[in-house]
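The following exercises work through the overall form, the nonpolar interior and the cysteines of one protein. Each task is followed by a solution that goes step by step.

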Amino acid sequence: MKTVMILGGARGVGKAILHSCIQKGYNVSFCGRSPDVGNEIIRSYGLKDTLYYHPIDLNNTGEVRNFYAETIKRFQKVDALVLYAGITPVASILDTDEETYDQVFNINLKAPFFLLKHVLKSMMEARSGSIVFFGSAHMDYGEVNRAPYALTKSTLYTLSNHIAHHYAKYGIRSNYVVMGWTNTEGELALRAGEGMSEEELAEKAGAIIPMGRMLNSQDPVPAVMYLIADESRMTTGSLIRITGGEYI
């Protein structure tokens, strides 16, 4: 039975991936900020033995290490790591304060890096493993008001390629999924704060995205499940764009 570790997994696309992994019969270890949310997900599935939730502050690398340690304690291994968690503050270079900068880099880049430090050792011992990075169309240069976010996503792409090149000899593969404009809970909350309804958001996105609609939480899941599965054992260093044709 595979063990899939998700950085995130309690919301949005991460939660949809978690659901698909459960349907496959995988062990799943996931994390988030709210113990109540995570524990409710576990109760809803009734899977105490194969589903583990770890409350976490991703600004703290010690807690990231504990997440890994508890996962290994319960499941003994990590076959696949999905790096989904991230934040997307509205911030240009000119109006980014130091606190916002540090938080974006801590959560989007530092937490995945230090989790990988531990997971890679486990995968090297097993001589197999799949790492799936979640990227963004902002990775190339990004919108003007997503500067710190764009920098982290570009760096994660470099990190994915670094792993693909240097750790393939251990049977470890690493791939980067570019996720387009998606109607996640976070996106809806951000737009609501700007006074935009879900319907207005869908209309705006539909006029911009070449394929005529924004993504839903299910759209990236098939690609991620393929990259987790053994069928992708020779796929590494790849970038797949699930954006509806949108480039930023």
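**Exercise 1. Judge from the radius of gyration whether the protein agrees with a compact globule, and describe its overall make-up.**

Solution. The model is a predicted one. For 248 residues, a compact globule would have a radius of gyration near 18 Å, and the protein, with 17 Å, therefore agrees with that expectation. The next step is to consider the extent along the principal axes, where the C-alpha trace spans about 45 × 40 × 35 Å. Within these dimensions the protein holds eight helices and seven strands, and buried residues make up 50% of its 248 residues. As for how the chain is connected in space, among contacts between residues at least 6 apart in sequence, 70% join residues at least 24 apart. Lastly, the accessible surface comes to about 12000 Å², of which 51% belongs to carbon and sulfur atoms.

**Exercise 2. Identify the largest nonpolar core, the elements that build it, and the surroundings of Phe133.**

Solution. In soluble globular proteins, nonpolar side chains tend to be buried together. Here the largest nonpolar core has 32 residues, and those with the most contacts inside it are Leu115, Ile131 and Phe133. Turning to secondary structure, the elements that give two or more residues to this core are the strands β1 (3-9), β4 (80-83), β5 (129-136) and β6 (172-179), together with the helices α3 (61-75), α4 (98-126) and α5 (147-166). Of these, α4 gives the most, with nine residues. Apart from this core lies another, of 31 residues, among them Ile22, Ile41, Met225 and Ile242.

To follow one central residue, leave aside those up to four places away in sequence: Phe133 then touches Leu83, Leu116, Leu156, Leu159, Ile163 and Val177, and its partners also include Ser160, Ser174, Asn175 and Tyr176.

**Exercise 3. Decide how many disulfides the model contains, and state whether Cys21 and Cys31 are buried or exposed.**

Solution. The criterion is a pair of cysteine sulfur atoms within 2.5 Å, and by this rule the count comes to zero disulfides. Cys21 is in no disulfide, since the nearest cysteine sulfur, that of Cys31, is 14 Å away. The converse holds for Cys31, whose nearest cysteine sulfur is that of Cys21, 14 Å away, and which is likewise in no disulfide.

The final step concerns accessibility, for which buried means under 20% relative accessible area. Cys21 has a relative accessible area of 0% and is therefore buried, and Cys31, at 2%, is buried as well.

How values were computed:
Residues numbered from 1 in each chain as written. Predicted model: local features only at pLDDT ≥ 70, side-chain atom pairs only at ≥ 80, totals over all residues. Heavy atoms only, no water. Buried < 20%, exposed > 50% of the residue type's maximum accessible area, 1.4 Å probe, protein only. Core = buried A, V, L, I, M, F, W, Y, C linked by side-chain atoms within 4.5 Å. Helix = DSSP H or I, 4+ residues; strand = E, 2+ residues; numbered from the N terminus. Contact = heavy atoms within 4.5 Å. Rg over C-alpha atoms; globule rule 2.2 N^0.38 Å. Areas by Shrake-Rupley, 256 points an atom, 1.4 Å probe, with all protein chains shown as cover.
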